[in-house]
Amino acid sequence: MFKRLFLAIVLLGLVGGGIVWFKFFRDDMIAQFMGGRVPPPVPVTAQVIQPVTWLPEIEAIGTAVSERGVDLAIEASGVVRAITFAANDNVDEGQVLLQIDDDGERAALGAAEAALAVAETDANRARTLADRGVGAVTTTESAEAQVESARAEVARVQTTLDAKRLIAPFSGTIGIARVEVGEYVSPGMIFATLQDLDEMRVDFSVPEQQIDALELGRAVTVSTDVGDFNATGRIIGVEPQVDANSRLVSVRAAVDDATGTVLPGQFLRVRVELPSEEGLIAVPQTAVMSSLYGDSVYVVLPAETDGDLIVEQVFVTLGRRSGGLIEVVSGLEGGERIVTSGQNRLSGGAKVVIDDSVDLSTGADPSSE
């Protein structure tokens, strides 16, 4: 019995030892295989960087405003008797747009004009008597004062009558009527909007750090997210005050050739063009990798041994952005070749092969399109 137990223990030990030995043997063989295996070069796209002419710009969000635009309000109260325009009509300066019932004012004007005629007749009679020496000077003066008072009353009533009729303050396009015939309106009630669309403006704001770059007459470019509208213009005004809450300064620009394309209140993207700068290093934004350690790019270098291409990770200091480019303040020099796509499969010292026929940022082959 003891002999059988001993043999079983020995056999179990041999089996266990064999398993352990095989495990170590397998791991050693895998390590030897992987240690001698050379990974294939990683395909990337690359370009040689050269000093460029930098075209800096300020990007902002703007709002379109008309050259002249007002909300037309009613100055007097009463019942609307006539509306003489339709929505989107082109109206002329001085055109009557709305008439409020003015029967009472017209009657009052007639009475005032009659009183003025009587006062003028009395004044003429008083002057005639004074010239003949049978009238007192005070009587003449009192009669002339009555004439002036009657004229003032006529002017007052005429002003009240004019307030019952609203005319266009300038030529432009009128909007939708907000009142109806027969509706009672009160002073200050807005009945329509009038916009002069012959020339448009755009209002936008820029950070206070960029105030020095703004000057009257500087060129701007505006575009919309809806449609393909693009136009140029110039800065015509800079607010001489920075908003204390947002730390932004308000700017206004005039936009050329925008008639009928952009409407007041519309969203616009604004780019303020700044003077060009020579000899700056700029790289595609796709070439830059950002991490907790900073911004870096991969520089392509020849290997010291076999002449293959390898990459080296270089940390850089970045500056301004413009379109698809980003300025490199330090870390790179002209003539160096950098990786522009395919960086997600790279590490320092990795071998690469440059293949510009494939856009590795999207995986699309241009030849297949």
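# Exercises on a predicted protein model

L11 is exposed, with 54% relative accessible area. This residue opens the second exercise below; the model used throughout is a predicted one.

## Exercise 1: Confidence

Find where in the protein chain the confidence is lowest and where it is highest, and decide which stretch should be read with caution.

*Solution.* Begin with the chain as a whole, which averages a pLDDT of 81, with 87% of the residues scoring at least 70. Then compare the elements: the lowest mean, 70, belongs to helix α1 (residues 2-36), while the highest, 92, belongs to strand β13 (residues 248-255). Finally, look at residues 360-369, where the pLDDT is below 50, although the model gives this stretch 14 contacts beyond near neighbours in sequence. Where pLDDT is low, the predicted coordinates should not be read in detail.

## Exercise 2: A nonpolar patch on the surface

Determine which residues make a nonpolar surface patch, and where L11 is placed.

*Solution.* First, locate L11, which is part of helix α1. Next, check its accessibility: because the relative accessible area of L11 is 54% and exposed means over 50%, L11 counts as exposed. Last, add its partners, since L11, V15 and I19 together make a nonpolar patch of about 300 Å².

## Exercise 3: The largest nonpolar core

Work out which residues touch the most other members of the largest nonpolar core, and which strand gives the largest share.

*Solution.* The core has 22 residues, and those that touch the most other members are V202, F204, V206, L214, V222 and V272. Two or more residues come from each of β3 (57-73), β10 (190-207), β11 (219-223), β12 (230-242), β13 and β14 (267-273). Of these strands, β10 provides the largest share, with five residues. To see one member in its surroundings, take V202: leaving out residues up to four places away in sequence, its contacts include A64, V65, V222, V251 and L268. A second core, separate from this one, has 17 residues, among them I74, I174, V185 and L194. In soluble globular proteins, nonpolar side chains tend to be buried together.

## Exercise 4: Salt bridges

Describe the salt bridges R201–E67, R151–E148 and D225–R269, and say where in the chain the partners lie.

*Solution.* Side chains of opposite charge can pair when their charged atoms come close. The structure holds 13 salt bridges.

1. R201 and E67 meet at 3.8 Å, N to O, and the pair links distant parts of the chain, with R201 in strand β10 and E67 in strand β3, 134 residues apart. R201 is buried at 14% relative accessibility, whereas E67 is partly exposed at 34%. Both residues also belong to a network of salt bridges that includes E199.
2. R151 and E148 have their closest N and O atoms 3.3 Å apart; both lie in helix α3 (residues 137-163), three residues apart, about one turn of the helix.
3. D225 and R269 meet at 3.0 Å, N to O. D225 lies in the loop between β11 and β12 and R269 in strand β14, so this pair ties together parts that are 44 residues apart in sequence.

## Exercise 5: Positive phi angles

Identify where N88 and R247 lie, and state their phi angles.

*Solution.* N88 is found in the loop between β4 (78-83) and β5 (90-91), and its phi is positive, about 70°, although N88 is not a glycine. R247, in the loop between β12 and β13, has a positive phi near 60° and is likewise a residue other than glycine. As for accessibility, N88 is exposed at 58%, and R247 is partly exposed at 46%.

Key. Residues numbered from 1 in each chain as written. Predicted model: local features only at pLDDT ≥ 70, side-chain atom pairs only at ≥ 80, totals over all residues. Heavy atoms only, no water. pLDDT = per-residue confidence, 0-100. Helix = DSSP H or I, 4+ residues; strand = E, 2+ residues; numbered from the N terminus. Contact = heavy atoms within 4.5 Å. Patch = residues over 30% accessible without salt bridge, like charges linked within 9 Å, V, L, I, M, F, W, Y side chains within 5 Å. Areas by Shrake-Rupley, 256 points an atom, 1.4 Å probe, with all protein chains shown as cover. Salt bridge = Lys/Arg side-chain N within 4 Å of Asp/Glu carboxyl O. Buried < 20%, exposed > 50% of the residue type's maximum accessible area, 1.4 Å probe, protein only. Core = buried A, V, L, I, M, F, W, Y, C linked by side-chain atoms within 4.5 Å.
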